[in-house]
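Please walk me through this model in the viewer, one selection at a time. Tell me what to pick and what is there.

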Amino acid sequence: MLRDSGIHFVEVPQLDSRQPSSSYKQRGVSRFHVDLLVPSLDNEMHIVEVPELQAHATALPYLSYVLGQTQMATLISREGCCPVRVPVPERFAIHKLVVSQLRTNRDAKTEKDIYQAAVILASLGERFPGAIEAAVKDLPTSACKYLLSASTSAIALMQAHPRASEEF
């Protein structure tokens with residue numbers, strides 16, 4: 001799809017130059033960026049080859065969970081707009097909390113993931129009662145320990161949103 005889009009994409013090199021790229025950006029000064037993701041077969045985030053795409057992708061744990069419920073949204077950029085399928089926000093936030101605990105030696109990224117998830121959860125708790133609880137109930141049992149590890153930090157960030165904290 002990237003090749004057929006008419007947009008000229010180039011690989012974004014990894015920090016570790018021995019690793020193949022799983023990210024692509026539009027050639028030039030554009031900030032348009034695409035990350036290729038596939039479900040991980042374990043709890044590790046790593047780069048895997050995807051032969052049918054002649055590319056590499058980041059294997060992401062619990063990706064099947066986050067994509068288990070989706071909705072349509074509109075992607076808007078300078079180049080135009082198009083419909084895209086995105087995860088429902090409650091699953092996206094819970095997944096961010098889980099993945100935050102799977103990262104190794106990336107403290108800043110872990111904190112950012114927890115903060116972003118807390119903001120989404122706070123908003124959902126106020127506007128969509130029951131959504132957080134449903135997303136947590138659907139979480140695979142093997143991911144619950146990671147969610148529990150991140151929950152203290154997330155709840156601390158949601159203090160001003162008691163409804164969301166309570167539901168979470």
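The tour takes one helix and then one sheet.

This is a predicted model, in which local features need pLDDT of at least 70 and side-chain atom pairs count only at pLDDT 80 or more, while totals for chains, interfaces and linings use all residues. Residues are numbered from 1 along each chain as its sequence is written, and side-chain values use heavy atoms, with hydrogens and water left out.

Select residues 107–127, helix H3. Helices (H or I, at least four residues) and strands (E, at least two) are DSSP runs, numbered from the N terminus. H3 has 21 residues and spans 31 Å from first to last C-alpha, close to the 30 Å expected (1.5 Å times one less than the number of residues).

Next, colour Thr110, Asp113, Ile114, Ala117, Ala118, Leu121, Ala122, Leu124 and Gly125, the buried residues of H3 (under 20% relative accessible area; exposed is over 50%, partly exposed in between; 1.4 Å probe, protein chains only). Look down the axis of H3: these residues fall within an arc of 165°, so they line one face of the helix (the arc is that of the directions from the helix axis to the C-beta atoms). The face turned away from them carries the exposed Ala108, Tyr115 and Arg127.

Now add helices H2 (89–100), H4 (131–138), H5 (144–157) and H6 (162–167), which are included in what covers the buried residues of H3 (contact means heavy atoms within 4.5 Å).

Move to the sheet: three strands, open, in the order S1-S2-S3, with antiparallel pairing (two strands pair if DSSP finds at least two bridges between them). S1 (9–11) and S3 (33–35) stand at the edges with a single partner strand each, so one side of each lacks a neighbour in the sheet.

Finally, select S2 (residues 23–26), which pairs with S3 over three bridges. Tyrosine 24 has valine 34 in S3 as its bridge partner.
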